[in-house]
Amino acid sequence: MDQEEGQTAVDNIVTQFNTYEDFLDSQITTVDLYYLEDEALARQLVELGYRGTGEVVKREDFEARKAAIEIARLAERTQKKTLTSAGKDLQDNFLKALAVREEDNRNGKVSSVIFIRDRNSHGQEVSGYIDYAHRLKTEDFEVYFNGKKRLLPKPTDLSYYNWDNHIAVWNSTANYQVIADNPEGLLFKYKRDRKILNVDPKAPPGDNSTRIPIQTKLYIQVVIFDHISRRKT
């Protein structure tokens, strides 16, 4: 039996039995108990490979795989719980676009940069680029998906510009480095693969990146840039 087949056999056993003792008991026959007259001894002989009707699995291998499977199960359940868009009846295209991208941005498969232009609560026109994955980690998006609040650029985002008072701010995040001194306009370097995301509408967005305008009734203008990292982890 090769290593992969052996691992599959252990996984099957771990899935079938709650404890290592339950597995050992399954390998003990009535004949074993009749002659040995000691259940603990019978278990010990199975563990050592002297008795048993099937695969020999060491205690440490069983418990290690049991723990790994449980960790994976809890991680998957936690991931599902953190999807704040799940179960929401979303009507607007923008919120639907955010929902489609939520899981991939949380797990790092995709990195989305959102351009939004609209008016803030003071009636001032603002625009900016938002690192979606960064915002997901630092904010509760429940208020956005349930419609209680609108997602707008902040002075802490990748970029922020207030068209009324001409305040311009940009910030690098854990995912992107802002290149603000480019004569053609802002560029964002994705830190995982060092690829450049070009947000100029007249230029290609860059390697492994797409530019998608979103038709929405909630904002003056929305564009979403999706970048897929090709760096091997």
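Of the 233 residues in the chain, 37% are buried, in a model that is predicted. The secondary structure of this chain comes to 8 helices and 9 strands. Among the contacts with a separation of 6 or more, 51% are made by residues 24 or more positions apart. The description below begins with one helix, continues with the strands and rings around it, and ends with two loop residues.

Helix H6 spans residues 93–107. With its 15 residues, H6 reaches 23 Å from its first C-alpha to its last, which is close to the 21 Å expected at 1.5 Å a residue. The helix nevertheless contains a kink of about 40°, and this kink is centred on Arg101. At the N-terminal end, H6 is capped by Asp92, a side-chain oxygen of which lies 2.8 Å from the backbone nitrogen of Phe94. After the other end of the helix comes Gly108, a residue whose phi is positive, near 85°.

The buried residues of H6 are Phe94, Leu95, Ala97, Leu98, Arg101, Glu102 and Asn105. The elements that cover these buried residues include strand E1 (111–119), helix H7 (132–138), helix H8 (142–145), strand E8 (209–213) and strand E9 (221–227). Arg101, on which the kink is centred, has a relative accessible area of 13% and is therefore classed as buried, since that class holds values under 20%. When residues up to four places away in sequence are not counted, Arg101 touches Ser112, Tyr132, Ile212, Ile224 and Asp226.

Several of the residues touched by Arg101 recur in the pairing of the strands. Strands E1 and E9 pair in the antiparallel sense over 7 bridges, and Ser112 stands opposite Asp226 in E9. Strands E8 and E9 also run antiparallel and are joined by 5 bridges; here the bridge partner of Ile212 is Ile224, which belongs to E9. Both Ser112 and Asp226, as well as Ile212 and Ile224, are thus residues that Arg101 touches. Strand E9 is itself mostly covered, with 6 of its 7 residues buried. In general, the side chains of a regular strand alternate between the two faces of the sheet.

A search of the whole structure for paired aromatic rings finds 10 such pairs. In one of them, the rings of Phe94 and Tyr219 have their centres 5.0 Å apart and their planes at 80°, and because this angle is over 60 degrees the pair counts as edge-to-face. The pair links distant parts of the chain, as Phe94 is in helix H6 whereas Tyr219 is in the loop between E8 and E9, 125 residues apart. Phe94 and Tyr219 are both buried. A further edge-to-face pair is formed by Tyr176 and Phe188, with 6.4 Å from centre to centre and 70° between the planes. This pair, too, links distant parts of the chain, for Tyr176 is in strand E5 (residues 176–179) and Phe188 is in strand E6 (residues 187–190), 12 residues apart. Tyr176 and Phe188 are likewise buried. Both rings also belong to a cluster in which ring pairs link Phe115, Tyr129, Tyr176, Phe188, Tyr190 and Phe225.

Contacts with Phe94 and Tyr219 are also found for Leu151, a residue placed in the loop between H8 and strand E3 (159–162). The relative accessibility of Leu151 is 1%, so this loop residue counts as buried. Apart from residues up to four places away in sequence, Leu151 touches Phe94, Leu98, Ile114, Ile116, Ile130, Arg135, Phe141, Tyr144 and Tyr219. The C-alpha atom of Leu151 is separated by 9.8 Å from that of Leu218, a residue 67 residues apart from Leu151 along the chain.

Two further loop residues stand out by their backbone angles. His166, in the loop between E3 and strand E4 (167–170), has a phi near 60°, which is a positive value in a residue other than glycine. The relative accessibility of His166 is 55%, and because the exposed class holds values over 50%, His166 counts as exposed. Arg194 lies in the loop between E6 and strand E7 (196–198), and although Arg194 is not a glycine, its phi is positive, at about 65°. With a relative accessibility of 59%, Arg194 counts as exposed, whereas Arg101 in helix H6 is buried.

How values were computed:
Residues are numbered from 1 along each chain as its sequence is written. Side-chain values use heavy atoms; hydrogens and water are left out. Helices (H or I, at least four residues) and strands (E, at least two) are DSSP runs, numbered from the N terminus. Buried means under 20% relative accessible area, exposed over 50%, partly exposed in between (1.4 Å probe, protein chains only). Contact means heavy atoms within 4.5 Å. The expected span of a helix is 1.5 Å times one less than its number of residues. The bend at a residue is the angle between axes fitted to the seven residues ending there and the seven starting there. A polar contact is a pair of N or O atoms within 3.5 Å; within protein, one must be able to donate a hydrogen and the other to accept it, and residues adjacent in sequence count only if both atoms are side-chain atoms. Rings of Phe, Tyr and Trp (its six-membered ring) pair if their centres lie within 6.5 Å; planes under 30 degrees apart count as stacked, over 60 as edge-to-face and the rest as tilted. Two strands pair if DSSP finds at least two bridges between them.
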